[in-house]
Amino acid sequence: MDMERRLTLELRNRKPSEVKELVLDNCRSEDGKVVGLSSDFENLEFLSMININLLSVSSLPKLNKLRKLELSDNRISGGLEVLAEKTPNLTHLNLSGNKIKDINTLEPLKKLPNLHSLDLFSCEVTMLINYRESVFALLPQLTYLDGFDADEQEAPDSDPEADGDALEDDYENGEEREEEEDDEEEDDLDEEVIDDEEDEDDDLEGEEEEDGVDDEVRLSPGPTCVPCVVTQVSQEPLWGQI
């Protein structure tokens, strides 16, 4: 998607003057330049143009209120003097993954008095001897370079220990929640087992009652039999009486 079309989509029927944050990451710039963006975005405070094949910021419009500019993963190698003219109030600049090789390339950033955070990760300049000391000496207004200050203290918003603590707290809370859920499940299972046992006891009692009834039926005497009196007929021959 080209940059102008992406801009139209990001506006979402708003006026440029109503936009404070604009993300144009991964779109396609023409000839490596900024296109479609104008000074009508007068209230823009955050602009992200990551990985858009940008070669230069020379066509960047005047954006007096811009505070944070994300330009990582492009092919910018110089021409940073434009930033002091077009974005005079910049406080955060990310140039990570660009083609910046020399410390002198960063010299125009001295004219950005409010710039206190600069990122140059994966740029060749970071491989130079005394890179950090040289950059801090060149740009005294900087507080953080690549996320750390001159004393190697990490910026508060990217403190891994704080993040780790938060993750640990989440983990512990998650464990507690899991334990509570397990306890609840065990209680439910215990209740089910008790219910089942009670049902079994009821069934057994019912069976015992039935067996008792059957036994009573089997043991109860039937109607009294009156012995039959068999009349014996004399077997003497009748001829003896004749």
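Contact, as I shall use the word, means heavy atoms within 4.5 Å. With that settled, good morning, and let me turn to the structure before you, which is a predicted model.

I begin with confidence. The protein chain has an average pLDDT of 79, and 64% of the residues score at least 70. Over residues 159-175 the pLDDT stays under 50, and the model gives this stretch four contacts beyond four places in sequence. Residues 215-242 also have a pLDDT below 50, and there the model shows zero contacts beyond near neighbours in sequence.

Next, helix H3, which spans residues 131-138. Its buried residues are Tyr131, Arg132, Val135, Phe136 and Leu138. These lie on the same side of H3, because they cover an arc of only 165° around the axis. Glu133 and Ala137, on the other side of H3, are exposed. What do the buried residues of H3 pack against? Their partners are two strands, S5 at 117-119 and S6 at 144-145.

Two of those buried residues of H3, Arg132 and Phe136, bring me to Asp149, since both are in contact with Asp149. Asp149 sits in the loop that runs between S6 and helix H4, the latter covering 160-219. Apart from neighbours within four places in sequence, Asp149 also contacts Thr143 and Tyr144. Is Asp149 buried or exposed? Asp149 is buried, and yet it has no salt bridge. The nearest side chain of opposite charge is that of Arg132, 5.8 Å away, whereas a salt bridge requires a side-chain nitrogen of Lys or Arg within 4 Å of a carboxyl oxygen. The side chain of Asp149 does, however, reach the backbone nitrogen of Gln153, at 2.7 Å.

I move now to helix H1, residues 3-11, where Leu7 is located. Leu7 has a relative accessible area of 4% and is therefore buried, the limit being under 20%. Which residues does Leu7 touch, not counting those up to four places away in sequence? They are Leu22, Leu24, Val35, Gly36, Leu37 and Phe41. Of these, Leu37 is 30 residues from Leu7 along the chain, with 7.7 Å between the two C-alpha atoms.

My last residue is Asp31, in the loop between strand S1 (21-23) and strand S2 (46-48). Its relative accessibility is 68%, so Asp31 counts as exposed, the limit being over 50%. The C-alpha atom of Asp31 is 7.9 Å from that of Leu55, a residue 24 positions away along the chain.

Thank you for your attention.

Definitions and conventions: Residues are numbered from 1 along each chain as its sequence is written. This is a predicted model: local features need pLDDT of at least 70, side-chain atom pairs count only at pLDDT 80 or more; totals for chains, interfaces and linings use all residues. Side-chain values use heavy atoms; hydrogens and water are left out. Buried means under 20% relative accessible area, exposed over 50%, partly exposed in between (1.4 Å probe, protein chains only). Helices (H or I, at least four residues) and strands (E, at least two) are DSSP runs, numbered from the N terminus. The arc is that of the directions from the helix axis to the C-beta atoms. Lys and Arg count as positive and Asp and Glu as negative; His and the chain ends are not counted. A polar contact is a pair of N or O atoms within 3.5 Å; within protein, one must be able to donate a hydrogen and the other to accept it, and residues adjacent in sequence count only if both atoms are side-chain atoms. pLDDT is the predictor's confidence in each residue, from 0 to 100.
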